[in-house]
4 protein chains.
Amino acid sequence: MADLVRFGVSINDGLLNKFDKMVVQKGYSNRSEAIRDLIRNQLVELEWQNEEQEVAGTITLIYDHHVRGLSKQLLEVQHGCHDLILSTMHLHLDHLNCLEVLAVKGLVKQIQEAAQQLISVRGVKHGRLTITSTGRNLG
Amino acid sequence: MADLVRFGVSINDGLLNKFDKMVVQKGYSNRSEAIRDLIRNQLVELEWQNEEQEVAGTITLIYDHHVRGLSKQLLEVQHGCHDLILSTMHLHLDHLNCLEVLAVKGLVKQIQEAAQQLISVRGVKHGRLTITSTGRNLG
Amino acid sequence: MADLVRFGVSINDGLLNKFDKMVVQKGYSNRSEAIRDLIRNQLVELEWQNEEQEVAGTITLIYDHHVRGLSKQLLEVQHGCHDLILSTMHLHLDHLNCLEVLAVKGLVKQIQEAAQQLISVRGVKHGRLTITSTGRNLG
Amino acid sequence: MADLVRFGVSINDGLLNKFDKMVVQKGYSNRSEAIRDLIRNQLVELEWQNEEQEVAGTITLIYDHHVRGLSKQLLEVQHGCHDLILSTMHLHLDHLNCLEVLAVKGLVKQIQEAAQQLISVRGVKHGRLTITSTGRNLG
């Protein structure tokens, strides 16, 4: 595991005051934890700007399972990119609507293409690609 | 199920041309499907501006399960908002890093608060709240 | 002017390494400057979540000045919210397209409403509200 | 000028209903205008994913003009990318804080680099790059 080090930040007392209020409001136990989160958020954004970077993420889909052929088509697209999909979670929100979440890992461009294909399937009401990281570059 | 109706859109031919290219590029089977997605995206955004609206979403967390007390604290927070959490999916990305996805349903403000609490736990390397809809208002 | 203080951040050396690379890549002269920017970005986002907060911002519009009645309508909307508009900059991008930028200051909800009204005018090809701050709460 | 054409969109009546409410709420004069805006927003986002695309935009900066050397450094950076900057608007928000808006046009990657350089200058409290289009590809 990585070694813990320490560095100093110089800041105006007014800004520090506001930061401290935010730390409490967001439920952080201390400033360092909040700072580390700000840093890691920025690193994750940079990772996703590099198409050839390996990343993790989730694809969230809301769909009406009554739409004819929809489940079959979603399955086919998923098989076409099965090497990216780590696992799938499926929930019945009501008698019509399903929430499906795919956990994915792969290159940025592969994941973006897979998300595109799934979201554009007819009957998918809403789709989102959520970017995160494999965690390996986040200390 | 809702009835299918039809309405006309007037548009410059140059803009229509660019739209048609985007429809193909994104993998939509036709213009109507692409338009419906644009509309639904905007409706989901509006839903999330209303704190008292019932919505669905996912909370994605990357964490190092070796951090002492982390799993216990995540469990405690989750129990504190158990009525919002529909299901949880947990994945071992490597020997250190876990990807956990919580499917959630509830009022916007409840979900935002739960996400905040989970993301700010020490040892959580990256966290994201993904907004979607219960599907009920998306036709 | 506010006093300069200093606080320490504890962090894994691996994460610090990646942060240092980002500091260089983004052109910051030192870590403190980068950290202060991360903090201020988050504070600005929080300011804009409060409808009653006074903020500053810009409204950017791209439009075709040949569209009949457009300039007149934009002027009318602007007069309706003249107390929010600090100044306007207008540029001729080519023989058709104009770029207009309005610097605005006021309550979040007033500015959002003004932006909405301007962006929805027929002939406005693209519009954006950019959020920033009056600077008073950013140390 | 481009010719006006018309195409039909098939949609569930429930979704159309919600869309119509949004059209009114956002102040659009009719459905076509709202649809065209949704299309153009997406096209602008696609433009900005291509580093070699010519685009327009604005860079918004909030800074304290009392910080020593700041104005000089901002000027120097601006001269280094003078071919991208169409015009600049400067406002005195109060006795300390300035709002400066730069209207820019150039390749995506040039504009992103210029924004980065300006935002990272010490004393700049908040900076934003706002993406829009030259209008040429928006019908």
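Start with chains B and D of this predicted model, and colour the interface residues of chain B. Now do the same in chain D: 100% of the interface residues of chain B are interface residues there too, so the copies meet through the same surface.

Next, superpose the two. A rotation of 180° with 0.0 Å of shift along its axis lays chain B on chain D, at an RMSD of 0.0 Å. That is the relation of a two-fold axis. Want to find the axis on screen? Select B:Gly8, the residue of chain B that comes closest to the rotation axis, with its C-alpha at 2.2 Å.

**Stop 1: α2 of B against α1 of D**

Select residues 31–47 of chain B, which is helix α2, and residues 13–25 of chain D, which is helix α1. How far apart are the axes of this pair? They lie 10 Å apart, and the helices pack at an angle of about 60°. α2(B) and α1(D) are therefore oblique to each other. Turn the view to look down through the pair, and you'll be looking at a left-handed crossing of α2(B) over α1(D).

Now show side chains. On α2(B), pick B:Arg36, B:Ile39, B:Gln42, B:Leu43 and B:Leu46; on α1(D), the residues they meet are D:Leu15, D:Lys18, D:Phe19 and D:Met22. Colour that contact by class and you get six nonpolar, one polar and two charged residues.

**Stop 2: α1 of B against α2 of D**

Swap the roles of the chains. Select α1 of chain B (residues 13–25) and α2 of chain D (residues 31–48), which pack at an angle of about 60° with their axes 10 Å apart. That makes α1(B) oblique to α2(D), and their crossing is left-handed. From α1(B), the contact takes B:Leu15, B:Lys18, B:Phe19 and B:Met22; from α2(D), it takes D:Arg36, D:Ile39, D:Gln42, D:Leu43 and D:Leu46. The class count for the contact of α1(B) with α2(D) is six nonpolar, one polar and two charged residues.

**Stop 3: the sheet of chain B**

Hide chain D and stay with chain B. Which strand order should you trace across the sheet? Go β3-β4-β2-β5: four strands in an open sheet, with antiparallel pairing. β3 (85–92) and β5 (124–131) stand at the edges with a single partner strand each, so one side of each has no neighbour in the sheet. Tilt the view edge-on to follow the twist, which averages 15° from one strand to the next.

Zoom in on β2 (54–64) and β4 (97–107) of chain B, paired antiparallel over 11 bridges. A handy landmark is B:Ala56, which stands opposite B:Lys105 in β4(B). Then add helix α4 (residues 108–119) of chain B: α4 packs on the sheet, touches β2, β4 and β5, and its direction makes about 160° with that of β4(B).

**Stop 4: bring in chain A**

Show chain A beside chain B. Here 39 residues of chain A are in contact with 39 residues of chain B. On the chain A side, the elements giving two or more residues are α2 (31–47), β2 (54–64), β3 (85–92), β4 (97–107), α4 (108–119) and β5 (124–131). Which of them gives the largest share? Select β2(A), with five residues. By class, the side of chain A that touches chain B has 14 nonpolar, 16 polar and nine charged residues.

**Last stop: pairs that don't touch**

Show all the chains again. Chain B and chain C do not touch, and their nearest C-alpha atoms are 10 Å apart. No contact joins chain A and chain D either, whose closest C-alpha atoms lie 10 Å apart.

Notes: Residues numbered from 1 in each chain as written. Chains lettered and ligands numbered in written order. Predicted model: local features only at pLDDT ≥ 70, side-chain atom pairs only at ≥ 80, totals over all residues. Axes fitted to C-alpha atoms, helices over the stretch in contact; angles between N-to-C directions. Parallel < 35°, antiparallel > 145°, perpendicular 65-115°, else oblique. Left-handed = near helix turned anticlockwise from the far one by under 90°. Contact = placed C-beta atoms within 7 Å. Nonpolar A, V, L, I, M, F, W, Y, C, P; charged D, E, K, R; others polar. Pairing = 2+ DSSP bridges. Least-squares fit on C-alpha atoms with pLDDT ≥ 70 in both.
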